[in-house]
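Subject: Structure handover

Hi,

Here is the structure I promised you. Please open it alongside this email; my notes follow below.

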Amino acid sequence: MAEPSVPPEPSELIIRPAVIDDETALADLDRRTWSPLHAVQPRPEPPFDRFFTHRNRPENILVAELDGYTVGYIRLVPASPLACNAHVRQIQGLAVDQEARGRGVARALLGAAYAEARRQGAIRITLRVLGHNAPARRLYESERFAVEGVLPGEYVLEGAYVDDVLMGRRLDR
């Protein structure tokens, strides 16, 4: 039987930068939170890929912990390698353990991402979300993200066409 991923008692939420030793916990969390609601890749199957790669580095990840348990992460990267786009950061992954949902983990991760993006000199933050992911879209809208573009039917997931929705917001200084 697997160890519970979240402590049973309410606890203090900590958001911190990822370190290489988070590899196993983040890979496990990523597999546990996989869903066709947000994933465009097939369900992960053994042998599993590593979580950290040359494109997915620890320095781009913020980790959420409750009493030492990894319960979430957010991946924040430059929107592109272009100097003319250096003022924009993009969220390219947000995951929260099912047992930790409803405790403000996603909002805390977003808040930490805004602060980190501002620290890096960004004035704007963007993300992409699948059109059918209503819970994520509601969260982002409540965080002042606006729909800035839609690619209709961009993906075929479980036999249905799904829109790819670009959302963005300005970062307050």
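Start with a charge over a ring: the charged end of Arg169 sits over the ring of Tyr114, 4.3 Å from its centre. Arg31 does likewise with Phe48, its charged end lying over the ring at 4.0 Å from the centre. The test for this is NZ of Lys or CZ of Arg within 6 Å of the ring centre and within 35 degrees of the ring normal.

Some ground rules. This is a predicted model, where local features need pLDDT of at least 70 and side-chain atom pairs count only at pLDDT 80 or more, while totals for chains, interfaces and linings use all residues. Residues are numbered from 1 along each chain as its sequence is written, and side-chain values use heavy atoms, with hydrogens and water left out.

Helix H2

Tyr114 is one of the buried residues of H2. Others include Leu109, Leu110 and Glu116. (Buried means under 20% relative accessible area with a 1.4 Å probe, protein chains only.) H2 covers residues 105–119, 15 in number. The helix reaches 21 Å from first C-alpha to last, close to the 21 Å expected. That expectation is 1.5 Å times one less than the number of residues. Helices here are DSSP runs of H or I with at least four residues; strands are runs of E with at least two; both are numbered from the N terminus. Just after H2, Gly121 takes a positive phi of about 95°.

The cores

The largest nonpolar core has 27 residues. A core is a set of buried Ala, Val, Leu, Ile, Met, Phe, Trp, Tyr and Cys residues joined through side-chain atoms within 4.5 Å. H2 gives the largest share of this core, 7 residues. Ile91, Tyr140 and Phe145 have the most contacts inside it. Beyond four places in sequence, Tyr140 is in contact (heavy atoms within 4.5 Å) with residues including Leu94, Leu110 and Met167. A second, separate core has 10 residues, among them Phe52 and Tyr73.

Aromatic pairs

The whole structure holds 4 aromatic pairs. Ring centres must lie within 6.5 Å; planes under 30 degrees apart are stacked, over 60 edge-to-face, the rest tilted. The Phe51 and Phe52 rings are 5.3 Å apart at their centres with planes at 75°, so this pair is edge-to-face. Tyr140 and Phe145 also pair edge-to-face, at 5.7 Å and 65°. Both Tyr140 and Phe145 are buried. Phe51 and Phe52 join Tyr73 in one aromatic cluster.

Best wishes

Terms used:
Rings of Phe, Tyr and Trp (its six-membered ring) pair if their centres lie within 6.5 Å; planes under 30 degrees apart count as stacked, over 60 as edge-to-face and the rest as tilted. Buried means under 20% relative accessible area, exposed over 50%, partly exposed in between (1.4 Å probe, protein chains only).
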